[in-house]
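Welcome, and please load the model in your viewer with cartoon and stick styles at hand. We will go from one selection to the next, saying at each stop what is there.

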Amino acid sequence: ARDVDRGISNRSAAQSIAFQAARSGAQSTAATELRSGVAMIDPAAAARAATATAGALFTSYGVDGSVTSIDVTADSVSVIVAIVDDGLTVTGAGTVRAERAP
């Protein structure tokens, strides 16, 4: 039961971390495009922000994890993370789309 509970907790943590990392990355919009009314994400800045956020959250949650994938398109960021605990790996995925506020 303890392993099942920990696995569920880790899966929940992985989902949360992936979403928050994607959210952080999606906030990396290119200023020139944003001024023209288009929300374009800067891929390099988004990857740095997502990686930094995930790293901080792994530490905060007290888990051993890593970012396994970051996919940046013109207006969205998708992040996949993995948490390894006692030989068991769980993954979480999150995708956030950037929108320009009206």
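Of the contacts in the protein chain with a separation of 6 or more, what percentage comes from residues 24 or more positions apart? The answer is 52%. Keep in mind throughout that this is a predicted model.

**Stop 1: the whole chain**

Begin with a cartoon of everything. The protein chain has three helices and three strands, and from the N terminus on they follow the order α-α-α-β-β-β. Now switch on a surface: the accessible area is about 5800 Å², and carbon and sulfur atoms hold 53% of that. Of the 102 residues in the protein chain, 33% are buried.

**Stop 2: the sheet**

Select the three strands next. They make an open sheet with the order β1-β2-β3 and antiparallel pairing. The edge strands, β1 and β3, each pair on one side only. From one strand to the next, the twist averages 15 degrees.

Zoom in on β1 (residues 64-72) together with β2: eight bridges hold this antiparallel pair, and a hairpin of three residues connects the two strands. Some bridge partners to label along the way:

- Serine 66 has alanine 82 in β2 as its partner.
- Valine 67 is matched with valine 81 in β2.
- Aspartate 71 is matched with serine 78 in β2.

Then move over to the other side of β2. Here 10 bridges join β2 to β3, again an antiparallel pair, and one pair to label is valine 77 with its bridge partner valine 96 in β3. The hairpin between β2 and β3 has two residues in it, and the turn residue aspartate 86 has a positive phi of about 55 degrees. It is a good residue to pick out if you have a Ramachandran plot open.

**Stop 3: a helix across the strands**

Bring α3 back into view. This helix lies across β1 and β2, and runs at about 160 degrees to β1.

For a closer look, select isoleucine 70, which sits in strand β1. Is isoleucine 70 buried, exposed or partly exposed? Its relative accessibility is 28%, so it counts as partly exposed. Leaving out residues up to four places away in sequence, isoleucine 70 touches Ala47, Ala50, Thr51, Val77, Ser78 and Val79. Try the distance tool on isoleucine 70 and arginine 48 too: their C-alpha atoms are 9.9 Å apart in space, with their positions 22 residues apart in sequence.

**Stop 4: the nonpolar core**

In soluble globular proteins, nonpolar side chains tend to be buried together. To see this model's largest nonpolar core, which has 20 residues, start from those with the most contacts inside it: Ile17, Phe58, Val77, Val79, Val81 and Ile83. Two or more residues of this core come from each of α1 (2-26), α3 (43-61), β2 (76-85) and β3 (88-97). Which element gives the largest share? That is α1, with seven residues.

Centre the view on valine 81 and show what surrounds it. Beyond residues up to four places away in sequence, valine 81 touches Ala14, Ile17, Ala18, Phe58, Ser66, Val67, Thr68, Val90, Thr91 and Gly92.

**Stop 5: a serine in α1**

Stay with α1 and select serine 24, which is found in that helix. Serine 24 has a relative accessibility of 13%, so it counts as buried, the cut-off being under 20%. Apart from neighbours within four places in sequence, serine 24 is in contact with Ala49, Ala50 and Thr53.

**Stop 6: the salt bridge**

Side chains of opposite charge can pair when their charged atoms come close. How many salt bridges does the structure hold? There is one. To find it, select arginine 97 and aspartate 75, whose closest N and O atoms are 3.0 Å apart. Arginine 97 lies in strand β3 and aspartate 75 in the loop between β1 and β2, so the pair ties together parts 22 residues apart in sequence. As for accessibility, arginine 97 is exposed at 52%, while aspartate 75 is partly exposed, with a relative accessible area of 25%.

Terms used
Residues are numbered from 1 along each chain as its sequence is written. This is a predicted model: local features need pLDDT of at least 70, side-chain atom pairs count only at pLDDT 80 or more; totals for chains, interfaces and linings use all residues. Side-chain values use heavy atoms; hydrogens and water are left out. A nonpolar core is a set of buried Ala, Val, Leu, Ile, Met, Phe, Trp, Tyr and Cys residues joined through side-chain atoms within 4.5 Å. Buried means under 20% relative accessible area, exposed over 50%, partly exposed in between (1.4 Å probe, protein chains only). Helices (H or I, at least four residues) and strands (E, at least two) are DSSP runs, numbered from the N terminus. Contact means heavy atoms within 4.5 Å. Two strands pair if DSSP finds at least two bridges between them. A salt bridge is a side-chain nitrogen of Lys or Arg within 4 Å of a carboxyl oxygen of Asp or Glu. Axes are lines fitted to C-alpha atoms, for helices over the stretch in contact, and angles run from 0 to 180 degrees between N-to-C directions. Accessible areas come from the Shrake-Rupley method with a 1.4 Å probe; for residues, only the protein chains shown count as cover.
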